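User: I'm new to reading protein models. Could you take me through one part slowly, explaining each term as you go?

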Amino acid sequence: MKQITTILALLIAGAAWSSTALAEVRIATIQSQRLIKESPQYKKMEAQMKADFERRAKELEQDGKQLSEDLQAFKRNADVMSAAERARTEKDLNTRRIDFNYSERKFREDVAAREKELAQQLMNQISEVIEAVATEGKYDLVLQDPVYASDAVDVTGQVLRRLEAAK
């Protein structure tokens, strides 16, 4: 009987201690999409991507348009061409189509690689700022994109202000 009483007393003391420990945990939340879209670093990244790839995108678009027009012209005029001229033109158009497809694929790969590189840099900057805000605010846990969080625990605004100051 004495052992049961001792065990119950220890369980009650343990439960009281753990609920006290849980009450002291400080939690903050962030809204990651808002951080990304509203950060000046994201806007800078978008501008840099546009500057890096806008010219190539326009050239590809023009090349594709010209190839399409040339294919249409070939279809219209194929009947009046000599067999040798038709074969030469068809071969030339096929070569251009292959080159265009390769250029287009290479462009998409380059854009994706650059986007990934810049996104990683952005995420590193955001993570550093979140850690700094969490450390200064003495938060034990920072949750990303919870289903619900009151404004009292949301530190997204603080992180954004820090990101703006760090630009």
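Analyst: Let's begin at the surface, where Val25, Ile27, Leu141 and Leu143 make a nonpolar patch of about 280 Å². Patches are built from residues with over 30% relative accessible area and no salt bridge, joining like charges within 9 Å and nonpolar side chains (Val, Leu, Ile, Met, Phe, Trp, Tyr) within 5 Å. The areas come from the Shrake-Rupley method with a 1.4 Å probe, and for residues only the protein chains shown count as cover.

A word on the model: it is predicted, so local features need pLDDT of at least 70 and side-chain atom pairs count only at pLDDT 80 or more, while totals for chains, interfaces and linings use all residues. Residues are numbered from 1 along each chain as its sequence is written, and side-chain values use heavy atoms, leaving out hydrogens and water.

Val25 sits in the loop between helix 1 (2-23) and strand 1; helices (H or I, at least four residues) and strands (E, at least two) are DSSP runs numbered from the N terminus. With 37% relative accessibility, Val25 is classed as partly exposed, a label between buried (under 20% relative accessible area) and exposed (over 50%), using a 1.4 Å probe and protein chains only.

Strand 1 (27-30) leads us on to helix 5, as this strand is among the elements covering the buried residues of helix 5. Helix 2 (32-38), helix 3 (40-77) and helix 4 (83-136) are also included in that cover, where contact means heavy atoms within 4.5 Å.

Which residues of helix 5 (residues 156-166) are buried? They are Thr156, Gly157, Val159, Leu160 and Leu163. Looking down the axis of helix 5, these buried residues fall within an arc of 160°, so they line one face of the helix; the arc is taken from the directions from the helix axis to the C-beta atoms. On the other side of helix 5, Arg161, Ala165 and Ala166 are exposed.

Two of the covering helices, helix 3 and helix 4, are also linked to each other. Arg96 and Asp70 meet through their side chains in a salt bridge (2.6 Å, N to O), a term for a side-chain nitrogen of Lys or Arg within 4 Å of a carboxyl oxygen of Asp or Glu. This pair joins distant parts of the chain, with Arg96 in helix 4 and Asp70 in helix 3, 26 residues apart. Arg96 is partly exposed at 26% relative accessible area, and Asp70 is also partly exposed, at 23%.
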